[in-house]
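Colleague: I would like a close look at a single part of this model, namely the sheet, with enough of the surroundings to place it in the chain. Please take me through it slowly, strand by strand.

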Amino acid sequence: RQDVMKMVNGLKGTPAAANRARAVLSKMMELAEVWGIRPPYSNPCKHVKKYPEKPRERFLSMEEFNRLGETLAEAEYLNLESPQVIAAFKLLIFTGCRRGEILGLRWDEVDWERQCLRLTDSKTGPKVVHLNAPSLQILQDIERKEGSPWVIPGRGLQEHLVDVRGPWRRIRKKAGLEGLRIHDLRHSSASVGAAGGVPLQMVGL
């Protein structure tokens, strides 16, 4: 435990990084117990407290939304990023969904008749996400990969796209939005929808 505390204290200048490092180490220790490498209930991270973190919420202004949209349009026109990546970012912006909900979206979860997504395995359990006109158009424009159930397919037929961090860093840098997280798109989408009079159950907060 003293070693863990020393590590965490050494990262006190970056509390969030310290907490992430502690969490990763704790998971490693748990797996070591499962695999019989360590004795049960011996995780040295258990009683090492985390640093308090201030919630980092960022909401895009309309001008920033426009810059992001222009950057995505340019990347699509010049083929700088894959169509799947561009479609994923657009859907994140217009639906307010979580990253995992869009990347793991299946075509059988798209209800065209009722214009909604019927997510069977979201973070909060099954839920319905109502689709606006832009998000419907994006879905209609996506080229389906024959034999793949995924809206945002990966390389294999049975895989969906998983990691979009690299493309996101390039997009946000070109748009002059350094530090903007993908999760911030969800907050921004929800705030714009709420400000426009959209009922909260439709925004998906």
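Modeller: What follows goes through the sheet from one edge to the other and then turns to the core and to a few places outside the strands. Please keep in mind throughout that this is a predicted model.

The setting comes before the sheet itself. The secondary structure of the chain amounts to nine helices and three strands, and along the sequence these are arranged in the pattern α-α-α-α-α-β-β-β-α-α-α-α. Along the principal axes, the C-alpha atoms occupy a box of roughly 55 × 40 × 35 Å, and of the 205 residues in the chain, 39% are buried.

The three strands make up an open sheet whose order is β1-β2-β3, with antiparallel pairing. The edges are formed by β1, residues 110–111, and by β3, residues 127–130, each of which pairs on one side only.

At the β1 side, two bridges link β1 to β2, the strand of residues 116–119, in the antiparallel sense. Within this pairing, V110 has L117 of β2 as its bridge partner, while D111 is placed opposite C116, also in β2. The hairpin that connects β1 with β2 has four residues between the strands, and in this hairpin Q115 adopts a positive phi near 55 degrees.

At the other side, β2 and β3 run antiparallel and are joined by four bridges. If you wish to follow this pairing residue by residue, R118 is a useful place to begin, as its bridge partner in β3 is V128. Between β2 and β3 there is a loop, and P126 belongs to it. P126 is classed as exposed because its relative accessible area is 67%, and the cut-off for that class is over 50%. To place P126 against a later part of the chain, one can take W150, which is 24 residues away in sequence and, from C-alpha to C-alpha, 18 Å away in space.

The sheet is also tied to the interior through L117, the residue already met as the partner of V110. The largest nonpolar core has 38 residues, and L117 is among those that touch the most other members, together with L68, F89, L139 and I152. The elements that contribute two or more residues to this core include β2, along with α3, α4 (83–95), α5 (99–103), α6 (133–141), α7 (165–174) and α8 (182–195). Of these, α4 gives the most, with eight residues.

For contrast, two places earlier in the chain are worth a look. In the loop between α2 and α3, the latter covering residues 62–77, one finds S42. S42 counts as buried because its relative accessible area of 19% falls under the 20% cut-off, and its side chain comes to 2.6 Å from the backbone oxygen of P39. V34, by comparison, lies in helix α2, which spans residues 15–34, and a relative accessibility of 64% is why V34 counts as exposed. Together with W35 and I37, V34 makes a nonpolar surface patch of about 410 Å².

To return to your request, the picture of the sheet is one in which β1 and β3 are the edge strands, with β2 joined to β1 over two bridges and to β3 by four.

How values were computed
Residues numbered from 1 in each chain as written. Predicted model: local features only at pLDDT ≥ 70, side-chain atom pairs only at ≥ 80, totals over all residues. Heavy atoms only, no water. Patch = residues over 30% accessible without salt bridge, like charges linked within 9 Å, V, L, I, M, F, W, Y side chains within 5 Å. Areas by Shrake-Rupley, 256 points an atom, 1.4 Å probe, with all protein chains shown as cover. Salt bridge = Lys/Arg side-chain N within 4 Å of Asp/Glu carboxyl O. Buried < 20%, exposed > 50% of the residue type's maximum accessible area, 1.4 Å probe, protein only. Pairing = 2+ DSSP bridges. Polar contact = N/O pair within 3.5 Å; in protein donor to acceptor, adjacent residues only side chain to side chain. Core = buried A, V, L, I, M, F, W, Y, C linked by side-chain atoms within 4.5 Å.
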